[in-house]
Amino acid sequence: MPVVPYTASNFGRHWGTALAGRHNLTLSWNEFVWAAMTMGKPGVAFLLSHGWHSLSDLVVRSHTVYANLRASSNHVEKSSLYTGLDPTEKSGVSYFMGMMAAKILGARLLDTPWLFHMSLVHALGGSVVLKAKSEPDLVGFRRNREWIVAEAKGRTRGYSSSAMHAAKLQTRQLRTINGQYPSLRVAIQASFNPRLEWAIDDPEEFDEGVPDIQFDVESAMDMYYSAPIIATERGQSRLIGNRKFQTGELSEIGVTIGIDREVKERVLKRILLQGEKSLLLDQAAEPYQEDGFTIFADGLAISLDERWSEDRMAQDPWSRRNG
């Protein structure tokens, strides 16, 4: 499985050794796909009222991973398709890579499987007024019910200290989230040199005079799970490990997505956050394998077909058909 090195800086000792210095994360392509499908913005699934558009959004997000990344000597590098993009296209893909890094690092290191883009806060009627270029990208909900603020950056070439500095400044532009001070404010950067590497930094403080935000978290959760629920509506029920899931296949890209049946029912009833079990605290924080699926802390599961095999993902996209 591919390895992504990351460097963590400026975290207090109480956050543990995983958030101090340089480490490696061993990931599966299932985890990259999960992150791509669930990260950040509500996307067209929200803007175009779900339905077919939700499925299209999941396919596009998955394909962005498939088309732009490849495995190389147990690491991840840009595919030749990514390398051949024009500067504007590269900017969009590098932003996508930064958001994906925030999603994976948040879940793995900060016990924060849920990240919401600030555009979603606005769409849900959240009360916040920020300077357009100053607000952070994301707010995250931890399984212990604390909040974090995160800003994600992506760079096509090597690590950029100026981009990290800008990200730190942006994390300082919120004071409280739904009445709580965030437990962390993290700046995250994805870069290629030439392999994919991540950096995460904890700036800690907030600026004077910055605003608070308020929004309906149950509505945000409804949006978070909307596309996976729609993707599995016409699928099948199956037992994965000792849990019941509803699964549906996205045949266009070789991805099967599943959602824990209890999580699905609670989301539909808008009671996901009621009670301790609502935050899945009895489930593993890190992704784990069961019956060909990778199961994540948010109650979603991902399975990939042979198109995502280690051998094929080591090739460039147009060569994978015959891998």
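In the predicted model, Trp198 has a relative accessibility of 3% and therefore counts as buried, the limit being under 20%. Trp198 is placed in strand 9, which runs over residues 196–201. Leaving out residues up to four places away in sequence, Trp198 touches Val4, Pro5, Tyr6 and Thr7, and also Leu25, Leu27 and Phe32. Further contacts of Trp198 are made with Ala101, Ile104 and Leu105, and with Gln189 and Ala190. One of these partners, Phe32, is itself a buried residue of helix 1. Between Trp198 and Arg307, which are 109 residues apart in sequence, the C-alpha to C-alpha distance is 26 Å.

Helix 1 comprises residues 29–38, and 10 of its 10 residues are buried, so the helix is largely enclosed by the rest of the structure. Among the buried residues are Trp29, Phe32, Val33, Trp34, Met37 and Thr38, together with Asn30 and Glu31. Just after helix 1, Gly40 adopts a positive phi of about 60 degrees.

Helix 1 also supplies contacts to Leu300, a residue of strand 15 (residues 300–304). Leu300 counts as buried because its relative accessibility is 1%. Apart from neighbours within four places in sequence, Leu300 is in contact with Trp34 and Thr38, both of which are among the buried residues of helix 1. The other contacts of Leu300 are Tyr224, Tyr225, Pro228, Phe245, Gly258, Ile259, Thr294 and Ile295. Of these, Tyr224, Tyr225 and Pro228 fall within the residue range of helix 8 (217–232). Leu300 and Ser79 are 221 residues apart along the chain, and their C-alpha atoms are separated by 28 Å.

The chain as a whole contains 10 helices and 15 strands. For 323 residues, a compact globule would have a radius of gyration near 20 Å, and the 19 Å of the chain agrees with this. The C-alpha trace spans about 60 × 45 × 40 Å along its principal axes. Of the 323 residues, 56% count as buried. Among contacts with a separation of 6 or more, 68% involve residues 24 or more positions apart. The accessible surface amounts to about 13,900 Å², and carbon and sulfur atoms contribute 48% of this area.

Charged side chains number 36 positive and 38 negative, and the centres of the two sets lie 2 Å apart. Side chains of opposite charge can pair when their charged atoms come close. In the whole structure, 14 salt bridges are found. One of them joins Asp212 to Arg175, with the closest N and O atoms 2.8 Å apart. This pair links distant parts of the chain, its members being 37 residues apart: Asp212 lies in the loop between strand 9 and helix 8, and Arg175 in the loop between helix 7 (161–171) and strand 8 (184–192). Asp212 counts as partly exposed at 29% relative accessibility, and Arg175 is likewise partly exposed at 30%.

A salt bridge also connects Arg195 and Glu197, with an N to O distance of 3.3 Å. Through salt bridges that share partners, Arg22, Arg195 and Glu197 are joined into one network. Arg195 is partly exposed, with a relative accessibility of 29%, whereas Glu197 is buried at 18%. In a further salt bridge, between Glu77 and Arg70, the closest N and O atoms are 3.8 Å apart.

Several backbone features merit note. Most residues other than glycine have a negative phi, and most peptide bonds are trans. The peptide bond from Asn193 to Pro194 is cis, with omega near -10 degrees, and Pro194 is located in the loop between strand 8 and strand 9. Asn74, although not a glycine, has a positive phi of about 70 degrees. Asn74 is found in the loop between strand 3 (69–72) and strand 4 (75–78) and counts as exposed at 55% relative accessibility. Asp111, also a residue other than glycine, has a positive phi near 55 degrees. Asp111 occupies the loop between helix 5 (87–110) and strand 5 (114–117); with a relative accessibility of 23%, Asp111 counts as partly exposed.

Terms used. Residues are numbered from 1 along each chain as its sequence is written. This is a predicted model: local features need pLDDT of at least 70, side-chain atom pairs count only at pLDDT 80 or more; totals for chains, interfaces and linings use all residues. Side-chain values use heavy atoms; hydrogens and water are left out. Helices (H or I, at least four residues) and strands (E, at least two) are DSSP runs, numbered from the N terminus. The radius of gyration is taken over C-alpha atoms; the globule rule is 2.2 Å times the number of residues to the power 0.38. Buried means under 20% relative accessible area, exposed over 50%, partly exposed in between (1.4 Å probe, protein chains only). Contact means heavy atoms within 4.5 Å. Accessible areas come from the Shrake-Rupley method with a 1.4 Å probe; for residues, only the protein chains shown count as cover. Lys and Arg count as positive and Asp and Glu as negative; His and the chain ends are not counted. The place of a charge is taken as NZ of Lys, CZ of Arg, CG of Asp or CD of Glu. A salt bridge is a side-chain nitrogen of Lys or Arg within 4 Å of a carboxyl oxygen of Asp or Glu.
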